[in-house]
Amino acid sequence: MFPRPIQAYSRPVQLTYQAILPAALILWLIPLLAVMWFSIKPGEDFTQGNYWGWPENGLAGFANYWLVFTGSDMPRYLWNSVVITVPTMFGAVALSCMTGFALGVYRFKGNLLIFFMFVAGNFVPFQILMVPVRDLTDQMGLYDTRLGLILFHIAFQTGFCTLFMRNFIRALPRELIEAARVEGVSEYRIFWYVVLPLMRPAIAALCVLIFTFIWNDFFWAVVLTQSPESQPVTAGITAFNSQFRAMYHLMSAGSIVAAIPPVAMFFLMQKHFIAGLTLGAVK
Amino acid sequence: MATVATDTPVSAPAPGPRRFSQQAVAPWLFLLPAFLFFAIYVLIPIGQSFYISTFNWNGLYSPEFAAVEGSDMTDQACRDLGNRASRTEGCAATGETFWTAEYVGLENYRNLWTDPFFWTSLKNNVIWLLLYFLAIPGGLMIALFLNQAVAGIRLYKSLFFFPFVLSQVVVGLVFSWFYLPNVGLLNVALGWFGIGSINVLGNNDLATYGIIAAGLWPQTAYCMILYLTGLNAVDPEQIEAARLDGAKGPKMLWYVVLPQLWPATFIAIVVTVIGALRSFDLITIMTNGGPGFYNTSVLAFYMYDVALSEFGFRMGYGSAIAVILFLIMMIYIAGFLWKMWRDERVG
């Protein structure tokens, strides 16, 4: 193990390490802790210039959060985010299960070329797609709709998901598939009954990752939508912030609300999330 | 997929040729839906962007006019009138629309050459790219710090990683408030040391660095998690052997541990480069390109701002910027693919 386990050091060193850990964490998260502090302070503190001190009349508690939900379009934005994120997650994962299977199991001419095309597409800058995709979405009558965003996200995320799935399927034992073929099982059944059940961990990891990526997307949200009827929370929060300009208690509460779903997803599905992100970090 | 799901009897293998053709067709059927999506939304648009970059286009389509039969007007004359055709006798809208772009060849690229904001953006892209690499040693340091087996370390690891899960929009807001002049936490802390208030995001020289610092926060967390996973897989026997040989500290890290961490480092480099070149959200949220004209802009931001400008869309010019950004990114993509290709041949 590197560095050397702390247990191998003297007691004072161990205690120092134990003390530095929480201090380092607080320092690391301090910008966020500051926002959390803002979000539970009453509004009058900010008008009176008491930004950091303890509020005179006590904390606002959840009152600010309540106002975020009842006094703004925030619930709508959150709902739009859900409506955009969940179908994208299913769509991209479903498509990439198929591409991953095709590219990971079969040997045919052009296999690597198609695989590289998906991988390269996943890395291109969004801007090279912006004008044509915006125009195409408009032509289909889907500009400023959630469906327009979903369709694009599914297509784009398929690149990353394919990279992920194909490498995962490559690592599965080929004997299983060969054995099924000898038994005369059709290719479709091999996919459905042999390979898909083995892909569960990869599917879980991808679902969590895609959920987070799409929930946090900002660029496409501002390019393809503009009204509260269809904007997800990342784009909506700018409108929210202009509604509550300089009311830091509400803006802070709003940002925290916007951040909660992916954060919750991460803490609930941590193992899958990290397995997905670090795929390839180990040989 | 229905065609693939022929009811091949499970027990009796189908005759050779048929099985063989099923294996030849199946991959293409499995690829088809994803390929269609990908072609429509990714591959074709890349080509279209190159094409549009040789035009001037305001993003609009105009109704098409044609001559009414029996009038003196010709179709061409009606078209030449443009919008005035709607008020001209003898012309009528056909119900179709046409693309209003005007072909200009390479003029957009020539204009870029003399556009100071383009060069500011490109310069900022370079600064982003260089400073973003700090995330890699930074992430490694935190990973080494956290790679211990003490009580609660798992929670510490998750909490250190957690900035990466926040959207860049939230990170941008969090840091804009952190940097607030006078009342922001940064300036409060500086005040303790007797340093006067700095308006980081309003300062021409500092703003870009302030945004990059915000971006490094989640990026370092990402590199950290890559290295933590990598450190888990480091071969303990090699470490012990090196330790017996008297290697320790930085020497051990450099000669024994880092080579084994190369896969993690490679991924960290890839995601850091991509992250640096994609920087758009933070800039939009924190400064919207300001202070002044495009002082904190990068190509990704400048492209968006030009193409969907408040003062009229300039899709052609924006596409030209996008093409430049794409070509820069292609260098890295090509390198990545080359490495993958090499690994495939070995594997």
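## Chains, domains and contacts in a predicted model

Chain B contains 15 helices and four strands. The structure described here is a predicted model.

**Overall dimensions of chain B**

The radius of gyration of chain B is 29 Å, whereas a compact globule of 347 residues would have a value near 20 Å. Taken along the principal axes, the box filled by the C-alpha atoms of chain B is roughly 100 × 85 × 35 Å.

**A helix pair within chain B**

Helix α7 of chain B spans residues 168-178, and helix α9 of chain B spans residues 207-232. Their axes come within 9 Å and cross at roughly 130 degrees. An angle that lies between 115 and 145 degrees counts as oblique, and α7(B) is therefore oblique to α9(B). The crossing of these two helices, α7(B) and α9(B), is right-handed.

On the α7(B) side, the meeting residues are B:Val171, B:Gly172 and B:Phe175. On the α9(B) side, they are B:Ala214, B:Trp217 and B:Pro218. In this contact of α7(B) with α9(B), five residues are nonpolar, one is polar and none is charged.

**The two domains of chain A**

Chain A is divided into domain 1, covering residues 6-61, and domain 2, covering residues 72-277. A distance of 34 Å separates the C-alpha centres of domain 1 of chain A and domain 2 of chain A. The contact between them involves nine residues of domain 1 of chain A and seven residues of domain 2 of chain A. On the side of domain 1 of chain A that touches domain 2 of chain A, helix α1 of chain A (residues 11-39) gives the most, with four residues.

**The interface between the chains**

Between the two chains, 78 residues of chain A are in contact with 88 residues of chain B. Helix α1(A) again has a part here: the largest share of the side of chain A that touches chain B, 10 residues, comes from α1(A).

The table sets out the residue classes for the two contact sides in chain A.

| Contact side | Nonpolar | Polar | Charged |
|---|---|---|---|
| Domain 1 of chain A, touching domain 2 of chain A | six residues | two residues | one residue |
| Chain A, touching chain B | 58 residues | 17 residues | three residues |

Helix α1(A) thus links the last two topics: α1(A) gives four residues to the side of domain 1 of chain A that touches domain 2 of chain A, and 10 residues to the side of chain A that touches chain B.

How values were computed
Residues are numbered from 1 along each chain as its sequence is written. Chains are lettered from A and ligands numbered from 1 in the order in which they are written. This is a predicted model: local features need pLDDT of at least 70, side-chain atom pairs count only at pLDDT 80 or more; totals for chains, interfaces and linings use all residues. Domain bounds come from an automatic or database domain assignment. Ala, Val, Leu, Ile, Met, Phe, Trp, Tyr, Cys and Pro count as nonpolar, Asp, Glu, Lys and Arg as charged, and the others, Gly among them, as polar. Axes are lines fitted to C-alpha atoms, for helices over the stretch in contact, and angles run from 0 to 180 degrees between N-to-C directions. Angles under 35 degrees count as roughly parallel, over 145 as roughly antiparallel, 65 to 115 as roughly perpendicular and the rest as oblique. A crossing is left-handed if the near helix is turned anticlockwise from the far one by less than a right angle, and right-handed if clockwise. The radius of gyration is taken over C-alpha atoms; the globule rule is 2.2 Å times the number of residues to the power 0.38.
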